[in-house]
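Visitor: I have a structure on screen and some questions about it. Can you walk me through it?

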Amino acid sequence: MVLPGHGRRSDPRIGRPRTLRRRGTRRRPAGAAGHIIHQYLGAGVDTTIASIGNIVALFAAHPDQFDLVRADPTLVPAAFNEVLRYWVPLHAWGRAVTRDVDIDGTVIPAGAQAAILLGAGNRDPRHFDDPDTFRIERNPVDHLSFGYGPHGCAGQGLARLEGHAVIAALATHASHLVADDPIRTPSNTTRSIDRLEILEVLPA
Ligand code: HEM
């Protein structure tokens, strides 16, 4: 990024913007970088926080599943997929409908705004066997928690790194977790935990 007034004329960093201006290419409006960073923070912070809270709460509530990942660390990615499928961090997301779409006999008209219920899709019994059971070995790689299509989550690689690191660290350092019921933060979009009291942690 080159800021006005920075660098000398011979500085190679200022050559490109000058050329772009001469050819009439539009420059980004002042402050655009801030909006881009804000979008990344908005999209990437609450979601990841929600999924990390869900990891701890779910492994405390399902000690048999925690034992599986402790015994076999290669299950870490599968465990994170199942955490995301079972408790979706963003339960509703919007789409602008650009043409009439027929879904099982119901037409969603062009111009409508649709709320996609990602968590409902993750529990669809036509796709996931016994969907209300938390079972890490099912490895649901096609869960909908990162959305779908060209606008699917742009940060899912980073989110996976974080989720895998948390599960691997828990599985390495703890043998048993006891937590109280999570207290949720009500929200139209994020399904996050406001408070999760950890009552006991047995070291590995
Ligand atoms: C577990 C964590 C996360 C979850 C569950 C999640 C979920 C989602 C969902 C559902 C969407 C909408 C996808 C769609 O419209 O089909 C989305 C979009 C997006 N996410 Fe994530 N996200 C997570 C982490 C992150 C992180 C860490 C970043 C960046 C550092 C990020 C950046 C974005 C961006 C930029 C978009 C907009 C993509 C576009 O419109 O083309 N997300 N995310």
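Guide: Start with a term. A nonpolar core is a set of buried Ala, Val, Leu, Ile, Met, Phe, Trp, Tyr and Cys residues joined through C-beta atoms within 7 Å. Keep in mind that this is a predicted model.

Visitor: Which residues touch the most other members of the largest nonpolar core?
Guide: The largest nonpolar core has 27 residues. Helix 3, helix 4 (63-71), helix 5 (76-86) and helix 7 each supply at least two of them. The residues that touch the most other members are Ile55, Leu58, Phe59, Val69, Ala79, Val83 and Ile167.

Visitor: Take Ala79. Which residues is Ala79 in contact with, leaving aside neighbours within four places in sequence?
Guide: Ala79 is one of the buried residues of helix 5. It is also among the core residues that touch the most other members. Beyond four places in sequence, its contacts are Val69, Ile136 and Ile167.

Visitor: How many residues of helix 5 are buried?
Guide: Buried here takes 20 or more other C-beta atoms within 10 Å. Val76, Phe80 and Tyr86 are among the residues of helix 5 that pass. Helix 5 is largely enclosed by the rest of the structure, because the buried count is 10 of 11.

Visitor: What do those buried residues of helix 5 pack against?
Guide: Helix 5 is largely enclosed by the rest of the structure. The partners of its buried residues are helices: helix 3, helix 4, helix 6 and helix 7.

Visitor: Is helix 3 mostly covered or mostly open?
Guide: Helix 3 has 16 residues and spans 22 Å from first C-alpha to last, close to the 22 Å expected. Its buried residues include Thr47, Ile55, Leu58 and Phe59. The buried count is 12 of 16, so helix 3 is mostly covered.

Visitor: What covers the buried residues of helix 3?
Guide: Both helices and strands take part. The strands include strand 5 (174-179) and strand 7 (192-195). The helices include helix 2, helix 4, helix 5 and helix 7.

Visitor: How many residues of helix 2 are buried?
Guide: Helix 2 has 13 residues and reaches 18 Å, close to the 18 Å expected at 1.5 Å a residue. Helix 2 lies largely in the open, because its number of buried residues is 0.

Visitor: Now the ligand. Which element gives the largest share of the shell around the ligand?
Guide: The ligand is surrounded by 23 residues. Elements that give two or more of them are helix 2 (32-44), helix 3 (46-61) and helix 7 (156-173). The largest share is 4 residues, and it comes from helix 2.

Visitor: How many charged residues does the shell around the ligand have?
Guide: The closest residues are Gly44, Thr47, Gly147, Cys153 and Gly155. By class, the shell has 12 nonpolar and 11 polar residues. The number of charged residues is none.

Visitor: Is Gly44 buried, exposed or partly exposed?
Guide: Gly44 lies in helix 2. Its contacts beyond four places in sequence are Gly155 and Leu158. Its C-alpha is 9.2 Å from that of Cys153, 109 residues apart along the chain. With 17 other C-beta atoms within 10 Å, Gly44 is partly exposed.

Visitor: What is the phi of Asp130?
Guide: Most residues other than glycine have a negative phi. Asp130 is in the loop between helix 6 (118-122) and helix 7. Asp130 is exposed, with 8 other C-beta atoms within 10 Å. Its phi is positive, near 50 degrees.

Visitor: And what is the phi of Asn139?
Guide: Asn139 lies in the loop between helix 6 and helix 7. It is partly exposed, because it has 16 C-beta neighbours inside 10 Å. Its phi is also positive, at about 45 degrees.

Visitor: Over which residues is the pLDDT below 50?
Guide: The protein chain averages a pLDDT of 87, and 86% of the residues score at least 70. One stretch falls below 50, with 9 contacts beyond near neighbours in sequence. Where pLDDT is low, the predicted coordinates should not be read in detail. The stretch is residues 1-21.

Terms used:
Residues numbered from 1 in each chain as written. Predicted model: local features only at pLDDT ≥ 70, side-chain atom pairs only at ≥ 80, totals over all residues. Near = placed C-beta within 6 Å. Nonpolar A, V, L, I, M, F, W, Y, C, P; charged D, E, K, R; others polar. Contact = placed C-beta atoms within 7 Å. Expected span 1.5 Å × (residues − 1). pLDDT = per-residue confidence, 0-100.
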